[in-house]
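Got your viewer open? Load the model below and keep the selection panel handy.

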Amino acid sequence: MESLIIENTNKTPRVFFNALSGKMELAGRSIPENSFQFYEPLLQWLDEYAKNPQELTHFTFKLDYFNTSSSMYILGILKKLEKMHAEGKKIRVSWYYDSEDEDMLQTGEDLRQIVKIPIEMTELES
Amino acid sequence: MSIVDRYHQIIQKEKVLLAYKGCIDGDTVTYLVKLAEKNVASINEKLAIRKKVISILVEAIQNIVNYFAEESLDKSFENESFVIVAAQQNQYEVLVGNYISGHRMRALKKRIDNVNMMSAEDLQKVYLDILENPKVSITRGAGLGLIDMARRTQSKINYSFVEYDQDHVLFMMSMTVARVKDVVLS
């Protein structure tokens, strides 16, 4: 399976989904007007990956900020990881937030309430 | 003070970090956000507060983009959209305005009034509910935008409707973020 790599733009985050290592990362800002257009291919890729995942899948979120329509797709990604987790796959999720950014920490904690997978909160020094 | 008077006050007396009037589309959003980030970054302010201001700005102007994507008004009305980000002694303010169809006014007023009546805990609960069960079209903000802005401001959303004619109303909305550090007003 091919990896999915998309460079960041002014409105969309960098996507680095490595099918071989099971490491995935979403980094930067996510404020597209049309979140569906950006996130749908990511979700489809994850569906494909979930059919034959690596021993450990490690998903890292390193987001500066995102709009509300993106937040639904970020939850969509976590739901897909949750499903893999429920099927017995090993999943690790890291949620990075800037040490001064309590909103991003709060968002991570909000998402942690919704999905039943362990999400590690990691502080970035600002 | 009416929101209309506030507009004049901001323009004349406060530190304006961003002011724009004209059509707001996807491209404009890119430029406005870039410019706002640059100007907001120049303030001696806590990162979280700066991000709050930018997040509210993004949500507010994308609301305008989404509105005109769904409902087309005469171009002359679309060109009257505006956004101002200003720094004041105790807070930052994001003020946006755009024309809407007159028949939309009642429903919009009700939505904002509902959001304004919610406590921080209510907002948090409703935010998580909608996030988990988006009722509206998945390509759009699903009504989450207003709630998200209200959560971030931690104050009420101030708004005003100025009737232009039977079919067109200027909708203005203002949100504030309390400042943490001193702002030097030039």
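What follows is a walk through the two chains, stop by stop. Keep in mind throughout that this is a predicted model.

**Stop 1: chain B as a whole**

Select chain B and show it as a cartoon. You should find seven helices and five strands. Trace the chain from the N terminus and the elements come in the order α-β-α-α-α-β-β-α-α-α-β-β. The radius of gyration is 16 Å, close to the 16 Å that the globule rule gives for 186 residues, so chain B is as compact as a globular protein of that length. If you turn the C-alpha trace onto its principal axes, it spans about 45 × 40 × 35 Å.

Now colour chain B by burial: 33% of its 186 residues are buried. For contacts, take those between residues at least 6 apart in sequence; in chain B, 70% of them join residues at least 24 apart.

**Stop 2: the sheet of chain B**

Hide the helices for a moment. The five strands make an open sheet with the order E1-E2-E3-E5-E4, and the pairing is antiparallel. Which strands sit at the edges? Select 15-21 for E1 and 158-163 for E4 of chain B; each of these pairs on one side only. Direction ignored, neighbouring strands here are turned by 10° against each other on average.

Next, zoom in on E3(B), residues 91-101. It runs antiparallel to E5(B), and 11 bridges join the two. To find your place along that pair, label B:Val94, whose bridge partner in E5(B) is B:Met175.

Then slide over to the other neighbour of E5(B) that we have met, E4(B). These two strands are also antiparallel, with six bridges between them. The connection is a hairpin that takes four residues to get from E4(B) to E5(B). Label B:Val162 here, and you will see B:Leu170 of E5(B) standing opposite.

**Stop 3: helices across that sheet**

Bring the helices back. H2(B), residues 26-41, lies across E1 and E2 of chain B and runs at about 170° to E1(B). H3(B), residues 47-70, lies across E2, E3 and E5 of chain B, and its angle to E3(B) is about 5°.

**Stop 4: H7(B), an enclosed helix**

Select residues 144-153 of chain B, which is H7(B). Is this helix largely enclosed or open, and why? Nine of its 10 residues are buried, so the helix is largely enclosed by the rest of the structure. Show side chains for the buried set: B:Leu144, B:Gly145, B:Leu146, B:Ile147, B:Asp148, B:Met149, B:Ala150, B:Arg151 and B:Thr153. Asp and Arg are on that list too, as B:Asp148 and B:Arg151.

What does the covering? From chain B, the cover includes H3, H5 (105-117), H6 and E5 (168-178). The other chain takes part as well: H2(A), residues 68-86, is included in the cover. Before you leave, click on B:Gln154, just after H7(B), where phi is positive at about 60°.

**Stop 5: where the chains meet**

Show both chains and select the contacts between them. You get 28 residues of chain B in contact with 22 residues of chain A. On the chain B side, H2, H3, H6 (120-132) and H7 each supply at least two residues. H3(B) gives the most, with 10 residues. Colour that side of chain B by class and you will count 12 nonpolar, seven polar and nine charged residues.

**Stop 6: over to chain A**

Now isolate chain A and select 6-123. An unreviewed UniProt entry annotates this stretch as "domain: SiaC family regulatory phosphoprotein". Over these residues the chain is 42% helix and 33% strand, and the end C-alpha atoms are 25 Å apart.

The sheet of chain A is open and has six strands in the order E1-E2-E3-E4-E5-E6, with mixed pairing. Its edge strands are E1 (4-6) and E6 (119-124), each pairing on one side only. Here the average turn between neighbouring strands is 15°, direction ignored.

For a parallel pair, pick E5(A), residues 90-98, and E6(A): six bridges join them. A:Ser94 has A:Glu120 in E6(A) as its bridge partner.

Last selection: go back to H2(A), which lies across E3 (23-30), E4 (56-66) and E5 of chain A. The helix runs at about 170° to E4(A).

Methods. Residues are numbered from 1 along each chain as its sequence is written. Chains are lettered from A and ligands numbered from 1 in the order in which they are written. This is a predicted model: local features need pLDDT of at least 70, side-chain atom pairs count only at pLDDT 80 or more; totals for chains, interfaces and linings use all residues. Two residues are in contact if their C-beta atoms, placed from the backbone, lie within 7 Å. Ala, Val, Leu, Ile, Met, Phe, Trp, Tyr, Cys and Pro count as nonpolar, Asp, Glu, Lys and Arg as charged, and the others, Gly among them, as polar. The radius of gyration is taken over C-alpha atoms; the globule rule is 2.2 Å times the number of residues to the power 0.38. A residue is buried if 20 or more other C-beta atoms lie within 10 Å of its own, exposed if 12 or fewer, and partly exposed in between; C-beta atoms are placed from the backbone. UniProt positions are given in the numbering used here, feature names are shortened, and annotations may be inferred rather than shown by experiment. Two strands pair if DSSP finds at least two bridges between them. Axes are lines fitted to C-alpha atoms, for helices over the stretch in contact, and angles run from 0 to 180 degrees between N-to-C directions.
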